[in-house]
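Here are some notes for a colleague who is opening this structure for the first time. They are set out as numbered points, to be read with the model in view.

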Amino acid sequence: MLEIKNITKKFGEKTALDSLSFTIPTGSVFGLIGSNGSGKSTLLRIISGVYKPDGGSAEIDGESTFENPRIKEQCFFISDYPFYYNNSTVKNLAKFYKGLYPSWDEEKFRKISSLFPLNTKDKIINMSKGMQRQAALILALSINPKYILLDEIFDGLDPVVRQLIKKLLMELVADNDTTVIISSHNLRELEDVCDHIGLIHKGGVIMEKDLDEAKLGIHRIQAVFNEEKDESSFEGLNVVNLRRQGKMITLTVKGDSKEIEEAIRAFNPVYMEMLPLTLEEVFISEMEAVGYDINNILK
Ligand code: ADP
Ligand code: MG
């Protein structure tokens, strides 16, 4: 289990993280969402033990991650701006990591390298940013880390490569019980990989959700009624949004789906349908319910 406990990080006068806490269960795929400057990269650097927090701690199974060699062995971080030496190639880094990480898997390395459209003998420094990300990922996956931290990994990658990466990450989690933390400023990008989402804004946690739970707890209903209806008609239901298009009313309601359905049926709708919500819609509704406009947060 990874615990982020009351982490504060300052750069001079600027507070990048402000007493931030999360608990990330082992084997989960955790999406760290926030706009540019919200503190995602800083948090990943603290978790991976690169930065020392000014307050609080990041702990893996009760041990602080900061400059902890035992944790460095199990944890791999792909920064948004990875650093490579002039002569680094995927091939010679593979040799280096093989000596460094006991869990290095040579066969997996060979297999994964062949799936990506890059030459392992090319200098990484001459590759595009997207190619560099792929290079880093080939190496990271071959290590079979217990924790993998990916900073904006999908940025600038085409959909085919994105899908491939998602699939390989899922395999890593299934085979190795790896905990994955992916930062992104784009909720849609993470929708089909993450099982937990943490939303940060100005260095603080705004929301943390188990996705299945989040999707279960909020529902959309379209209905047509004979009589006029407004918000006050649905007292007793936790309506977070009501839209009207002619006679059609679309309600976004928090709560148990069965209870909501029964309550709406009691109004004798002429037509009624429960609709699924996308992750983005769930978030928009959840955020609205606590007084935020997500469009101002995820810019
Ligand atoms: P994100 O990754 O979500 O875009 P960052 O963690 O990079 O956000 O940055 C959070 C805040 O901390 C920003 O205001 C940024 O300007 C500031 N910051 C990050 N790193 C440094 C640094 N090395 N020196 C000074 N300020 C920094
Ligand atoms: Mg960043």
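1. Which residues have the most contacts inside the largest nonpolar core? In this predicted model, they are Phe116, Leu150, Ile182 and Ile197, and the core to which they belong has 51 residues. Helix α5, which spans residues 129-143, gives the largest share of this core, namely eight residues.

2. The position of this core deserves attention when the two domains are considered, because domain 1 (2-213) and domain 2 (217-297) both give residues to it, and it therefore lies between them.

3. Isoleucine 197, one of the residues with the most contacts inside that core, can be followed further through its neighbours. Leaving aside residues up to four places away in sequence, isoleucine 197 touches Phe30, Gly31, Ile33, Leu187, Leu190, Met207, Glu208, Lys209, Leu211, Leu279 and Phe283. A second core, separate from the one described above, has 22 residues, among them Leu2, Ile4, Ile46 and Leu149.

4. The two domains can also be described through their contact. The domain assignment of the protein chain gives domain 1 as 2-213 and domain 2 as 217-297, and the C-alpha centres of these domains lie 37 Å apart. Twelve residues from domain 1 and eleven residues from domain 2 take part in the contact.

5. Between them, domain 1 and domain 2 bury about 1,200 Å², and 73% of this area is on carbon and sulfur atoms. On the side of domain 1, the residues that lose the most area to domain 2 are Leu187, Glu191 and Met207, which together account for 39% of what that side buries. As for the elements involved, α7 (187-190), β9 (196-201), β10 (204-210) and α8 (211-216) each supply at least two residues of the side of domain 1 that touches domain 2.

6. Which polar features join the domains should be stated with care. The count of salt bridges between domain 1 and domain 2 is zero, and across their interface the rule likewise finds zero residue pairs in polar contact, where both residues must be at pLDDT 80 or more.

7. Finally, helix α1 (residues 40-47) is a useful element to inspect on its own. Eight of its eight residues are buried, so the helix is largely enclosed by the rest of the structure. These buried residues are Lys40, Ser41, Thr42, Leu43, Leu44, Arg45, Ile46 and Ile47, and Ile46 is also included in the second core. Just after α1, glycine 49 takes a positive phi of about 85°.

Notes:
Residues are numbered from 1 along each chain as its sequence is written. Chains are lettered from A and ligands numbered from 1 in the order in which they are written. This is a predicted model: local features need pLDDT of at least 70, side-chain atom pairs count only at pLDDT 80 or more; totals for chains, interfaces and linings use all residues. Side-chain values use heavy atoms; hydrogens and water are left out. Buried means under 20% relative accessible area, exposed over 50%, partly exposed in between (1.4 Å probe, protein chains only). Helices (H or I, at least four residues) and strands (E, at least two) are DSSP runs, numbered from the N terminus. A nonpolar core is a set of buried Ala, Val, Leu, Ile, Met, Phe, Trp, Tyr and Cys residues joined through side-chain atoms within 4.5 Å. Domain bounds come from an automatic or database domain assignment. Contact means heavy atoms within 4.5 Å. Buried area is the accessible area (1.4 Å probe) that two parts lose on being put together, summed over both. A salt bridge is a side-chain nitrogen of Lys or Arg within 4 Å of a carboxyl oxygen of Asp or Glu. A polar contact is a pair of N or O atoms within 3.5 Å; within protein, one must be able to donate a hydrogen and the other to accept it, and residues adjacent in sequence count only if both atoms are side-chain atoms.
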